[in-house]
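User: I would like a close look at one part of this protein, namely its aromatic ring pairs, with enough of the surroundings to place them.

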Amino acid sequence: MELHILEHSLKVASIAKEGIQICTHGLIKLAFLASKTRCKFFSLTETPEDYTIIVDEEGFKELPQSEHISVADATWLALNVVSGGGNASNAQPIGVTKIAKSVIAPLADHNISVFMLSTYQTDFILVSVDKKRADLVNISTATLENVNERERICSFLCILFSSRFPNNVLFTSASGELWKMVRIGGQPLGFDECGIVAQISEPLATADIPAYYISTFKFDHALVPEENIQSVIGALRTKSTAE
């Protein structure tokens, strides 16, 4: 397992449901016409509340100025957790529970707020650029064997929605398990809160329950195997009671 510190300066923004139409041109360009933009990091997540976009500074220029777009004050640096020797083609799904103790917990212990994005092959941990790069390397080297810096990453699209796709289009896990989503927080979470991801991931890791984690502008979301949902509820309730 390796931790790459990416060079991109990222913005996190929320697009209101009623304002998505005015952003359509820019979003299509970012998602499907990568050769037409200098953007190298792009993620779009849809939830019932809004659309959350994570994009680098070049990609942010593709979005119009609008009252329907809210932008987080912080600029973010991305840490990329990969397995399979750092080769994307050999990477294996990791998930937040596999890095709970090695990456997430040390960041929480140092009062570093994180914005988490799990994908099929890798996990991205966004931290505010206010945190010194040297501090991040020191924290990381205490828990991971290799820390490498990588200059760029290809554009990608991450959308949560229910739909049907043609056969042989989507890559899925070999076991074919179904996943449940657990929304974290009864009210919108702030960007300065520390330890939220750790509080969710550590008890799941202790219970050996795999999970993926997606932070959005307003809420966090944990994806867990449907067959483990009762164990998830029990683990989180036990953690809550203990506190």
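How many helices and strands make up the secondary structure of the protein? Please then describe the aromatic pairs and the largest cavity.

Analyst: The model is a predicted one. Its secondary structure consists of six helices and 11 strands. The protein has 243 residues, and 47% of them count as buried. Among contacts with a separation of 6 or more, 77% are between residues 24 or more positions apart. The accessible surface is about 12900 Å², and carbon and sulfur atoms contribute 49% of that area.

Within this framework, a search of the whole structure gives six aromatic pairs. One of them joins F41 and F124 in an edge-to-face arrangement, with 5.1 Å from centre to centre and 80° between the planes. F41 belongs to the loop between α1 (20-32) and β2 (42-46), whereas F124 is part of strand β7 (residues 123-128), so this pair ties together parts that lie 83 residues apart in sequence. Both partners are shielded from solvent by the computed areas: F41 is buried at a relative accessible area of 0%, and F124 is buried at 2%.

A second pair, F115 with F191, is stacked, its ring centres being 6.0 Å apart and its planes 20° apart. Here strand β6 supplies F115 and the loop between β9 (179-184) and α5 supplies F191; the pair therefore ties together parts 76 residues apart in sequence. The two rings of this pair differ in burial class, because F115 has a relative accessible area of 4% and is buried, while F191, at 22%, is partly exposed; the boundary for buried is under 20%. F115 and F191 also belong to a cluster in which ring pairs link them with W76 and F217.

Strand β6 leads on to the cavities. The structure contains two cavities of 30 Å³ or more, and the largest has a volume of about 210 Å³. Its lining comprises 23 residues, those nearest the centre being S113, V114, G190, E193 and D220. Three elements, α3 (100-109), β6 (114-118) and α5 (196-206), each provide at least two lining residues. By class, the lining of this cavity consists of 15 nonpolar, five polar and three charged residues.

Taken together, strand β6 holds F115 of the stacked pair and also supplies at least two residues to the lining of the largest cavity.

Key: Residues numbered from 1 in each chain as written. Predicted model: local features only at pLDDT ≥ 70, side-chain atom pairs only at ≥ 80, totals over all residues. Heavy atoms only, no water. Helix = DSSP H or I, 4+ residues; strand = E, 2+ residues; numbered from the N terminus. Buried < 20%, exposed > 50% of the residue type's maximum accessible area, 1.4 Å probe, protein only. Contact = heavy atoms within 4.5 Å. Areas by Shrake-Rupley, 256 points an atom, 1.4 Å probe, with all protein chains shown as cover. 1 Å grid on protein atoms, 1.4 Å probe; cavity = no way out; pocket = protein on both sides within 12 Å on 5 of 7 lines; lining within 4 Å. Points joined across faces, edges and corners; volume = space filled by probe spheres on them. Nonpolar A, V, L, I, M, F, W, Y, C, P; charged D, E, K, R; others polar. Phe/Tyr/Trp six-rings, centres within 6.5 Å; stacked < 30°, edge-to-face > 60°.
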